[in-house]
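This report describes one protein chain for a reader who has not met it before. The sequence and the structure are shown first, and a description follows.

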Amino acid sequence: MSLDVNFDRWYAATHVKIIVSPTHELETFGSTLVNYHLISPLEDFPGKVRIREGRLEAHQPRIITPRGFAEINTEGFGEEARQYIEWLKENEDNLRILQYGYHLKSDNFSEQIVTDSLAVVTDRVKAEVAAAGDKFAAVLQGVDEPWDIAIVELWRHEVGRSAKKNIRELNERGKLF
């Protein structure tokens with residue numbers, strides 16, 4: 001890690017590779033547990049690779065309507081942003097925003113350091129995940145520190161991948177409009 005935490009975050013976010021995405025999108029009407037496997041080379045120790053495994057709980061998407069805009073935190077924003085939100089409340093009857101939340105679960109977290117190449121370890125983890133048949137498993141490669149940025153990027157990826165299906169299902173059940 002460098003002395004610049006913003007650079008470290010940017011570097012970690014731009015160096016995440018999602019090797020295996022879950023085969024199913026995030027649930028529309030319930031929470032989803034994504035079992036992640038994050039593989040990180042130990043830069044200071046050639047031939048050493050850390051494997052972290054844990055759960056990412058993606059919460060059920062929540063619909064925010066103009067009336068729900070009062071719940072939006074505008075801390076750090078100016079008066080113009082607050083007034084715009086007020087205008088949206090008054091003028092955008094059909095506006096809907098999906099809000100996704102997540103929680104990193106530590107109850108099923110483990111990590112181990114193995115001696116092998118990044119490619120060999122990645123192939124082995126991919127094979128284990130495929131054999132398990134877990135439709136909500138993900139395999140990622142990322143930096144060792146700050147490693148949790150990779151999990152946030154996984155969450156962002158899955159929200160983007162799932163939103164269209166979630167919106168369609170909410171609309172079919174009459175919950176969106």
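## Salt bridges and their surroundings

A search of the whole structure finds 10 salt bridges, a salt bridge being a side-chain nitrogen of Lys or Arg within 4 Å of a carboxyl oxygen of Asp or Glu. The model is predicted, with local features requiring pLDDT of at least 70 and side-chain atom pairs counted only at pLDDT 80 or more, while totals for chains, interfaces and linings use all residues. Residues are numbered from 1 along each chain as its sequence is written, and side-chain values use heavy atoms, with hydrogens and water left out.

Three of these pairs are set out below.

| Pair | Closest N to O distance |
|---|---|
| Arg50 and Glu111 | 2.8 Å |
| Arg52 and Asp144 | 3.0 Å |
| Asp116 and Arg124 | 3.7 Å |

Salt bridges that share partners join Arg50, Arg52, Glu111, Asp144 and Glu145 into one network.

The salt bridge between Arg50 and Glu111 links distant parts of the chain, with Arg50 in strand 3 and Glu111 in strand 6 (residues 102-115), 61 residues apart. Strands here are DSSP runs of E with at least two residues, and helices are DSSP runs of H or I with at least four residues, both numbered from the N terminus. Arg50 counts as buried because its relative accessibility is 14%, where buried means under 20% relative accessible area, exposed means over 50% and partly exposed lies in between (1.4 Å probe, protein chains only). Glu111, at 41% relative accessibility, counts as partly exposed.

The salt bridge between Arg52 and Asp144 also spans distant parts of the chain: Arg52 is in strand 3, and Asp144 is in the loop between strand 7 (137-141) and helix 4, 92 residues apart. Both Arg52 and Asp144 are buried. In the pair formed by Asp116 and Arg124, Asp116 is partly exposed, with a relative accessible area of 28%, and Arg124 is partly exposed as well, with 35%.

## Arg50 and Leu42

Arg50 is found in strand 3, which covers residues 48-58. Besides its salt bridge, the side chain of Arg50 makes a polar contact of 2.7 Å with the side chain of Asp144. A polar contact is a pair of N or O atoms within 3.5 Å; within protein, one atom must be able to donate a hydrogen and the other to accept it, and residues adjacent in sequence count only if both atoms are side-chain atoms.

Leaving aside neighbours within four places in sequence, Arg50 is in contact (heavy atoms within 4.5 Å) with Leu38, Ile39, Ser40, Leu42, Glu111, Gln112, Ile113 and Asp144. The C-alpha atoms of Arg50 and Gln112 are separated by 5.6 Å, although these residues are 62 residues apart along the chain.

Leu42 is found in the loop between strand 2 (32-41) and strand 3. With 10% relative accessibility, Leu42 counts as buried. Not counting residues up to four places away in sequence, Leu42 touches Lys48, Arg50, Ile113 and Asp144. Between the C-alpha atoms of Leu42 and Glu145 there are 9.3 Å, and the two residues are 103 residues apart along the chain.

## Thr122 in helix 3

Thr122 lies in helix 3, which comprises residues 118-132. The relative accessible area of Thr122 is 5%, so this residue is buried. A polar atom of the Thr122 side chain lies 2.8 Å from the backbone oxygen of Leu118. Residues up to four places away in sequence being set aside, Thr122 touches Ile19, Ile39 and Gln141.

## Helix 4

Helix 4 has 25 residues (residues 148-172), which at 1.5 Å a residue should span 36 Å; its end C-alpha atoms are 35 Å apart, which agrees. The expected span is 1.5 Å times one less than the number of residues in the helix. Helix 4 has a kink of about 45°, centred on Ser162, the bend at a residue being the angle between axes fitted to the seven residues ending there and the seven starting there. Just after helix 4, Gly174 takes a positive phi of about 70°.

## The chain as a whole

The secondary structure of the chain comes to 4 helices and 7 strands. From the N terminus on, these elements run α-β-β-β-β-α-β-β-α-β-α. Of the 177 residues of the chain, 36% count as buried. Among contacts between residues at least 6 apart in sequence, 80% join residues at least 24 apart. The accessible surface of the chain comes to about 10700 Å², with 51% belonging to carbon and sulfur atoms; such areas come from the Shrake-Rupley method with a 1.4 Å probe, and for residues only the protein chains shown count as cover.
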